[in-house]
Amino acid sequence: MVMTGPSGGGRTAHIGRAAHRAEDAHLVTGHSRAVGNLVSAASLHLGVLRSPMAHATIDGVDLSGALALPEVVAAFSGADLASTWVQPLPVSGPDDAHRPPQWPVAADRVRFVGEPVAVVAATSAAAAVDALEHIDVDYGPLPAVPSVDQALEDRDLVHEDLGTNVVFRFQGQRSGDLDAAFDTSNVVLSRRYQQSRVMGVALEPRTVVAEPGSGGQLVIRTSTQVPHRIRSHVALMLGRDESSFDVIAMDVGGGFGPKLDCYAEEILCTELALRLERPVTFVATRTEDLQTTSHGRGLRYDITIGGRTDGTLTGLQVQVTGDCGAYLSRVGANILLNGNAVTPGCYRWEAYGFDATGVFTTTVPTAAYRGAGRPEAAYAVERAINDLAHALGLDPADVRRRNFPAPDEFPFASIGGMTFDSGDYASGLDTALDAVDYPTWREAQAARLAAGDHRRLGIGMASYVDRCGTGPGMSEFGAVHIDPSGQVRVTSGLGPTGQGTGTTLAQIVADRLQVDMDAIEVVFGDTTRIPRGKGTFGSRSVSVGGVAVAGAVDRVIAAARRAAAMLLEANEEDLDVADGGLVVRGDPGTHLSFADIAAAVENREVDDMDGLQAVHDHEPDGFTFPFGTHAAVVEIDTETGRVDLLRFVAVDDSGVIINPALLQGQVHGGVAQGIAQALYEGVVHDDNGNLLTSSLIDYLVPTAPDLPHLETLTTTSHGDNPLGTKGVGESGTIGAPPAVVNAVVDALRGFGVQDVQMPCSPQRVWQAIRDGQQATRG
């Protein structure tokens, strides 16, 4: 991805300014470089025959019908390709986790609907689809295991050789004395909070083009968040050196976590391009994408929570059970483990315990989805705090406020084992409640209840603290080069997918160099031009990638000072940055532009310098911890179960704000996805493991008319990094689901309702009312 930005003008302070996105012009004028737009006429097209069964043996594959078609260049079964792979698709998890291999094409058994069983390469996409109809596969059906409860029974096994469906059992944090905490509590509640699976539904489905390039190098264009990781995985699986491949990710149309994984099609396109010495393209249909791209969430939290009559929180005991799907993914198991540190949230506790269990099911593997374990944890604890407040007869806002650490307690050592950098959680809560007009809605709620109105009001809130930046061991690359024309080229190892990261990095550079943004070019997503990079995930783009670029700029400025000091016969410490160059303090006539300095360096007027350029790899010392409170007001028609979201307020603290407009866009997008999970979206499988939500007819993604005006506010603390940023990409998916569902349950308390499982569809709400009434009547 290469971008140039709009003019900033003079000495404008670029940080904190709502600069227009530099990325948009070519996207909205028909010049997008999405992978699917870059397919050459010479390319072959990959067709993938996928299993129609969730669990079965493969007793035979007959490719002869496909190979007889004139448009088919090649066709392979899993057995044909088995000797090609040096290792299986990448996975991760605890050291003691079971890691059964997942191959790009199954050879002897399938374990989820959509798993590849054969592939063809044809001269057109239509011919590839037709060819799949001519492949005969003999399946031996086996029992499906589509749910966590069935998996835990270990009656039918997803991987027979393991003897169990349990992937791992993890004993996590143990802090304080839980027995004593519960013994001294006035109320102890045990609750189960279920997170349905969800899908990423990126604007651009997964797409790959592998094409032989110059010098024997193969170019892989793919829709990914992590181009360098894809290069590494492809090289490892095919037993080749990484330098054999150049992975390019240009205009990636959304990622949201699922595009962190390396998928079978990336390996298959590469292998077939090498074998056939022709470009090979795969463009997933929407159904293929929904069916085979990693799903998110799918965790079940069993929580025991204690509290005293004054609202003091005592103990929190957590057992998480996670649906890992048929295989471990690259990050799937870590989603469960992330809850260990973050489930206690932004509260003081006297005791805490955490355990997690992952299980295999005959479904597509699960992986990261916008928040990657933090939204799941926040949903459970924020729901539990509301339930506890109700049991204690207290306002849920008062319970939260009572247990927040005070601003002067920061850095605050959470009972989950992390030290939060800075915060004022009560201020965020109060700002949200003031903005939503909390007392007025409580009065309206009581009036409707007294009048017997069938349209009930509910008010919900959720306070959260996030963990961002990916922490130690996850460095990021940044480089800056200034040429004699004054053009500034920035290269970054990030892998943006629509966030506006290029604009943000340009603002950081423009602010430090005091140059116009139209002089800055930002380059991402090319493993040949950019030597290393971890990619985009975990709200790390600015707090890690931005700091790397800022560090490179600072090194360029230091080099420019050395050069200018020689040219001006001045002391380095007397040179200040001003108007796109350096000037001797107090003597404006001595100004040298960075372009002039770069020209002097290139012309060898300065000794021991090879261009005005620098690189910087930033490895964070720790995480950053954005926080906030979201508040929702709903109206429920108790006769139909319909939920209308009347108000939504998000108050987020993401540290120093580089671009307020981009921050607001990130919050809006995250909140929209969070509301979608709460009210609309949910993956459904039948008892045979068939995916019933395999199209956007069945999987309900809300559009703009389904959402209210989203009111976004910010507070500002300082993140623990040189830019002071914290991250905001996942805040909306953390705060919105519990705020909305708390509002739904709040509206229905009078019917004896304690829970409505997400998504809170009219049918589920209506049934919860009926079940609550029946339970109340006894």
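**Cavities**

I searched the whole structure, which is a predicted model, for enclosed spaces and found six cavities of 30 Å³ or more.

I looked up the largest cavity and noted a volume of about 220 Å³. I listed the 23 residues that line the largest cavity; the closest to its centre are Leu89, Gln102, Cys262, Tyr263 and Thr292. I then sorted the lining of the largest cavity by residue type and got 12 nonpolar, five polar and six charged residues.

I went on to the second largest cavity, which holds about 100 Å³ of space. I found 15 residues lining the second largest cavity, and Gly200, Val201, Ala202, Asp289 and Thr293 are the closest to its centre. I sorted this lining too: the second largest cavity has six nonpolar, five polar and four charged residues in it.

**Helix α11**

I turned to helix α11, which covers residues 374–392. How far apart should the ends of its 19 residues be? I took 1.5 Å a residue and used one less than the number of residues, so the expected span of α11 is 27 Å. I checked the end C-alpha atoms of α11 and found them 27 Å apart, which agrees with the expected span.

Is α11 mostly covered or mostly exposed? I counted 17 of its 19 residues as buried, so I wrote down that α11 is mostly covered. I used under 20% relative accessible area as the cut-off for buried.

I looked last at what follows α11 and found Gly393. The phi of Gly393 is positive, near 75 degrees.

Terms used: Residues are numbered from 1 along each chain as its sequence is written. This is a predicted model: local features need pLDDT of at least 70, side-chain atom pairs count only at pLDDT 80 or more; totals for chains, interfaces and linings use all residues. Side-chain values use heavy atoms; hydrogens and water are left out. On a 1 Å grid over the protein atoms alone, a cavity is a set of points where a 1.4 Å probe fits but cannot get out, and a pocket is an open set with protein on both sides within 12 Å along at least five of seven lines; lining residues have an atom within 4 Å of a point. Grid points are joined across faces, edges and corners, and a volume is the space filled by probe spheres set on the points. Ala, Val, Leu, Ile, Met, Phe, Trp, Tyr, Cys and Pro count as nonpolar, Asp, Glu, Lys and Arg as charged, and the others, Gly among them, as polar. Helices (H or I, at least four residues) and strands (E, at least two) are DSSP runs, numbered from the N terminus. Buried means under 20% relative accessible area, exposed over 50%, partly exposed in between (1.4 Å probe, protein chains only).
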